[in-house]
Amino acid sequence: MREPLALPVGAAPVSRVVYAAAHVVADPAAENAPGAPAALDWDTTLAFRHHLWSLGLGVADAMDTAQRGMGLDWATTRELITRSGAEARAVGGRLACGVGTDQLAQPAPLLSDILAAYEQQLEVVEQAGAQPILMASRALAAVAVGPEDYLAVYGELIAQSARPVILHWLGEMFDPALAGYWGSASLDAATGTVLALIREHAGRIDGIKVSLLDADREVALRRALPAGVRLYTGDDFNYPELIRGDELGHSDALLGVFDPIAGVASAALRALDAGDLDRYDELFAPTLPLARHLFAAPTFHYKTGIVFLAWLAGHQEHFTMVAGAQSARSVPHLVELFRLADAAGVLPDPALAAHRMRQFLAVAGVDA
């Protein structure tokens, strides 16, 4: 195995606003089976957020990386937001949290029910002192008749928020239930609806996180945004070029891949601040094969790889996930993930990572 990269720890990046979407650590002694309420190891979950803050990165919490909609129920999510808010205030860490509708139980809620669910979660996020991220809603995708329903619900939420919000456009590769979001199966039409919403409320929107895995579409949307509204890339396939930008602008970042590559990302962004583009490219280039494998189809199972890497890196003592999601990726997939993580230099203790990989292979029946 290669030696880990020697990465200096310094101040937060200043030329880009950067959030790492953080995973949660399950309690391995609890009933974290499919369909069971989530039970977290709170100390380790919060310690990982302090790790991200120590590197100068912001934390995007209670997002899909934290298994929202894939095992993390609303009761546990609410506690996560509250606890993360207290920890962020204690250290002055940047924190944004997801506002969704996943507490809704009825199969076909009314638009008024969806709005009320969003409002309940918005209140929790604001009380925690976090910036709201208005997450894409499966319930809204299921019942909205057209773009006007999205504009009505989002317009009301934006008007109510005490601080500028971040919008959230998650492609169906991350969640098939979000197909046709913004009221159309046509991405061009959906983009038109998003831009109409942003232009109407530009002064109350900090930015929009876009996770469509389409760099050209993201750049086109970025160039069409009103002045002062950020494009937060959620493109885990093309983030180096999108954050680097061009003569017409750049993307900021809100990325799940920054969870396992946080140290490298922090160093690369400080190189960007210093104008050292060669070092920026040198640091990020080997992380791209890792990211593209981590987020390979079915993309929504990427959380399994993120937690696996956190275990190999020593950020947690086990490979157990909420809802038993550790079974969502195959042994060959995780073996390749290990190889690519080593090649990218993101395993801080190679001996520990190798030891844990041998343990995993032995239990899996692949005893080398």
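In this predicted model, the side chains of R230 and D252 meet in a salt bridge, with N and O 3.2 Å apart. R230 belongs to strand β7 (residues 230-233) and D252 to strand β8 (residues 252-255), so this pair ties together parts of the chain that lie 22 residues apart in sequence. The two partners can also be described by how much of each is accessible: R230 has a relative accessible area of 31% and is therefore partly exposed, whereas D252, with a relative accessible area of 4%, is buried.

A search of the whole structure finds 14 salt bridges, and two others are described here alongside the pair from the strands. One of them joins R356 to E317, whose closest N and O atoms are 2.8 Å apart. Because R356 sits in helix α14 (residues 350-364) while E317 sits in the loop between α12 and α13, the pair ties together parts that are 39 residues apart in sequence. Here R356 is the buried partner, since its relative accessible area is 7% and buried means under 20%; E317, in contrast, reaches 60% and is exposed.

The other salt bridge is formed by the side chains of D188 and R217, with a distance of 3.0 Å from N to O. This pair links distant parts of the chain, as D188 is in helix α6 and R217 is in helix α7, 29 residues apart. D188 counts as exposed because its relative accessibility is 56%, while R217 is partly exposed at 23%. The pair does not stand alone, for D188, D214 and R217 are linked in a network of salt bridges.

The three pairs are set side by side below.

| Salt bridge | N to O distance | Separation in sequence |
|---|---|---|
| R230 and D252 | 3.2 Å | 22 residues |
| R356 and E317 | 2.8 Å | 39 residues |
| D188 and R217 | 3.0 Å | 29 residues |

The salt bridge between D188 and R217 leads on to the helices that carry these residues. The axes of helix α6 (residues 187-200) and helix α7 (residues 215-224) come within 11 Å of each other and cross at roughly 25°. Angles under 35 degrees count as roughly parallel, and α6 and α7 are therefore roughly parallel to each other. The crossing of α6 past α7 is right-handed. On the side of α6 the contact is made by L187, D188, T191, L195 and R199, and on the side of α7 by R217, L221 and A224. Sorted by class, the residues of this contact are four nonpolar, one polar and three charged.

A second pair of helices can be read in the same manner. Helix α12 (residues 302-312) and helix α13 (residues 331-344) have axes that come within 11 Å and cross at roughly 55°, which means that α12 is oblique to α13. The crossing of α12 and α13 is right-handed. In this contact G305, F308, L309 and L312 of α12 meet L334, L337, F338 and A341 of α13. By class, the contact of α12 with α13 holds seven nonpolar residues, one polar residue and no charged residues.

Key. Residues numbered from 1 in each chain as written. Predicted model: local features only at pLDDT ≥ 70, side-chain atom pairs only at ≥ 80, totals over all residues. Heavy atoms only, no water. Axes fitted to C-alpha atoms, helices over the stretch in contact; angles between N-to-C directions. Helix = DSSP H or I, 4+ residues; strand = E, 2+ residues; numbered from the N terminus. Parallel < 35°, antiparallel > 145°, perpendicular 65-115°, else oblique. Left-handed = near helix turned anticlockwise from the far one by under 90°. Contact = heavy atoms within 4.5 Å. Nonpolar A, V, L, I, M, F, W, Y, C, P; charged D, E, K, R; others polar. Salt bridge = Lys/Arg side-chain N within 4 Å of Asp/Glu carboxyl O. Buried < 20%, exposed > 50% of the residue type's maximum accessible area, 1.4 Å probe, protein only.
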